[in-house]
Amino acid sequence: MTRDSRLPSMRSMTPLERLRHISEAAGLSAEDQQLLTQPGALPLDVADGMIENVVGTFELPLGVASNFLINGKNLLVPMVVEEPSVVAAASFMAKLARDSGGFFTSSTLPLMRAQIQIVGMSDPHGARQVVLEHKAEIIARANAKDTVLIGMGGGCKDVEVHVFDSTPRGPMVVAHLIVDVRDAMGANTVNSMAEAVSPYIEQITGATVRLRILSNLADLRLARARVTLSPEILTTAEYTGHEVIEGVLDAYTFAQIDPYRAATHNKGIMNGIDPVIVATGNDWRAVEAGAHAWAARSGRYTSLTRWEKNQQGHLVGSIELPMPVGLVGGATKTHPLARWALRLMQVQSAQELGEIAAAVGLAQNLAALRALSTEGIQRGHMALHARNIALLAGATGGAIQRIAALMAQEKNVSVDRAKALLATNA
Ligand SMILES: CC(C)(COP(=O)([O-])OP(=O)([O-])OC[C@H]1O[C@@H](n2cnc3c(N)ncnc32)[C@H](O)[C@@H]1OP(=O)([O-])[O-])[C@@H](O)C(=O)NCCC(=O)NCCSC(=O)C[C@@](C)(O)CC(=O)[O-]
Ligand SMILES: NC(=O)C1=CN([C@@H]2O[C@H](COP(=O)(O)OP(=O)(O)OC[C@H]3O[C@@H](n4cnc5c(N)ncnc54)[C@H](OP(=O)(O)O)[C@@H]3O)[C@@H](O)[C@H]2O)C=CC1
């Protein structure tokens, strides 16, 4: 178990020192440290087995967010992302949240939906009932092959049928297999089941089955996270905690009512979630698709988080969203660094991983709303982005940080200015 995720000196260390520091805090082995220090952590032959026409591997920075306390457990969170200030922002909000117990999470069972599209009938309601009458046999056929999953308590649990009376192609019936996929993301699992039962569905309905594929609107597989922050914790040099809370509530309301704002607000949430999904070798497109479809489930695209004030005047944030992530399947087992990321967090189940991702998304949202509704995003974000700009201008080694700091201080972060500072050996 990670002893203490509160690691205040991280920012001033070199990457190697950070690695030693987090390895010690999380009890990682010497081999685990070595995995990150040697080049080619993803061997070419493994990469070649993962996708097609491989010509190399593509690297991104792997950072570790500190300070997280989730359900009373200290946690160091691996984040793979190209954008500056994301890891710092998550760590910052996790630091603030620690004083009020950190994040609290829960989740539903890992239930995925597989859709089976049935066409070519004139009595869709009759066809629906036929499918439901044969539910037990459909479930039995779906479960016939996946012995490992069934042995673990997973498998197809239910069948739902949705009727579309009138479409441009005539009536359509869509059967959903509801499958407990345990610790898998589950796409291949449920797709195989949908394909396996389709001939039987054609036989009992006398209609034609077309598509047999999971739904990425994983609305039965939800992860939740909650955080409470007092005005005292949120107080800054320029703003009282009450001002910060009112600002966050106004910012949240903006996202609730306006889809133009909600898209950006939710992008900020995914700034926290996606890096955890990528670091663990999971399918970020599936998580993204599910999140945005969920955000639009009422017919109007809105915020994935909620922010409220409780009776003590404390800020209460919560998030609930589909979280189709796995510890097995896909690249989660084949990518050595994905295994490393799971060892760093010491997660025991896919549900736990989903809850962590939700908590990081909530932290990230708070960081953005707090900055946006007070001093604005540029001060904190641009100060860190300045290092990228210094790199772009050609700075190397110690000059990167030096020139970035000067540009941030001058509030003039641009490639031209970085080049000028480089030329004068600043
Ligand atoms: C960037 C900060 C955190 C600076 O904030 P600050 O007040 O300058 O931070 P600080 O120096 O007081 O440090 C506070 C803590 O932050 C962490 N921290 C701070 N700096 C570092 C660093 N260099 N390296 C590692 N950790 C760092 C660290 O945990 C530190 O505590 P410590 O451990 O030192 O006691 C703050 O301004 C912030 O949270 N800003 C929001 C940034 C953000 O949201 N970035 C995402 C990119 S913008 C975007 O894409 C989304 C958006 C904004 O459009 C979404 C939306 O609109 O809703
Ligand atoms: N629209 C989408 O999102 C789509 C995504 N995908 C991709 O599918 C992949 C994920 O599919 P997924 O089904 O998770 O992967 P896999 O099929 O690789 O793994 C799941 C299988 O692993 C076995 N298994 C072993 N241990 C466990 C356990 N503890 N819990 C659950 N299953 C276990 C089970 O099979 P058994 O019982 O046979 O041993 C299970 O069916 C990702 O790469 C994703 O990108 C694919 C198609 C569409």
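**Reading the shells around two ligands**

Reader: How far is an oxygen atom of ligand 1 from an N or O atom in the side chain of Arg-6?

Author: The separation is 2.8 Å. Such a pair is called a polar contact (N or O atoms within 3.5 Å). The model is predicted, with local features requiring pLDDT of at least 70 and side-chain atom pairs pLDDT 80 or more, while totals for chains, interfaces and linings use all residues. Residues are numbered from 1 along each chain, chains are lettered from A and ligands numbered from 1 in written order, and side-chain values use heavy atoms, without hydrogens or water.

Reader: How does the model score for confidence?

Author: One consults pLDDT, the predictor's confidence in each residue, from 0 to 100. Here the chain averages a pLDDT of 95, and 100% of the residues score at least 70. The model also has an ipTM of 0.95 and a pTM of 0.95.

Reader: Which other side chains have an N or O atom facing a polar atom of ligand 1?

Author: Ser-85 and Lys-95 are among them. In the case of Ser-85, a side-chain N or O atom is 2.7 Å from a nitrogen atom of ligand 1. In the case of Lys-95, the partner is an oxygen atom of ligand 1, at 2.9 Å.

Reader: How much of ligand 1 does the protein cover?

Author: Accessible area is computed with a 1.4 Å probe by the Shrake-Rupley method. On its own, ligand 1 has 1,100 Å² of accessible area, and the protein covers 81% of this.

Reader: Which helices give two or more residues to the shell around ligand 1?

Author: Helices (at least four residues) are DSSP runs, H or I, numbered from the N terminus. Helix 4 (86-98), helix 11 (259-279), helix 14 (350-372) and helix 15 (378-392) each give two or more residues to this shell. Helix 11 contributes the most, with 6 residues.

Reader: How many residues surround ligand 1, and which are the closest?

Author: A residue is counted if one of its heavy atoms lies within 4 Å. For ligand 1 the number is 26, and the closest are Arg-6, Ser-85, Arg-261, Lys-267 and Arg-379. Arg-6 and Ser-85 are thus the residues whose polar side-chain atoms were discussed above.

Reader: How many residues surround ligand 2, and which are the closest?

Author: There are 22 residues around ligand 2, and the closest are Asp-146, Gly-186, Thr-189, Asn-216 and Asp-283.

Reader: Which polar contacts does ligand 2 have with Asp-146, Leu-149 and Asn-216?

Author: The contact with Asp-146 joins a side-chain N or O atom to an oxygen atom of ligand 2, at 2.3 Å. Leu-149 takes part through its backbone: one of its polar backbone atoms is 3.2 Å from an oxygen atom of ligand 2. With Asn-216, a polar side-chain atom lies 2.9 Å from a nitrogen atom of ligand 2.

Reader: How much of ligand 2 does the protein bury?

Author: Ligand 2 exposes 950 Å² when taken alone, of which the protein buries 70%.

Reader: Which elements give two or more residues to the shell around ligand 2?

Author: These elements are helix 7 (147-151) and helix 8 (187-205). Helix 8 provides the largest share, 4 residues. Leu-149, whose backbone meets an oxygen atom of ligand 2, falls within the range of helix 7 (147-151).

Notes: Polar contact = N/O pair within 3.5 Å; in protein donor to acceptor, adjacent residues only side chain to side chain.
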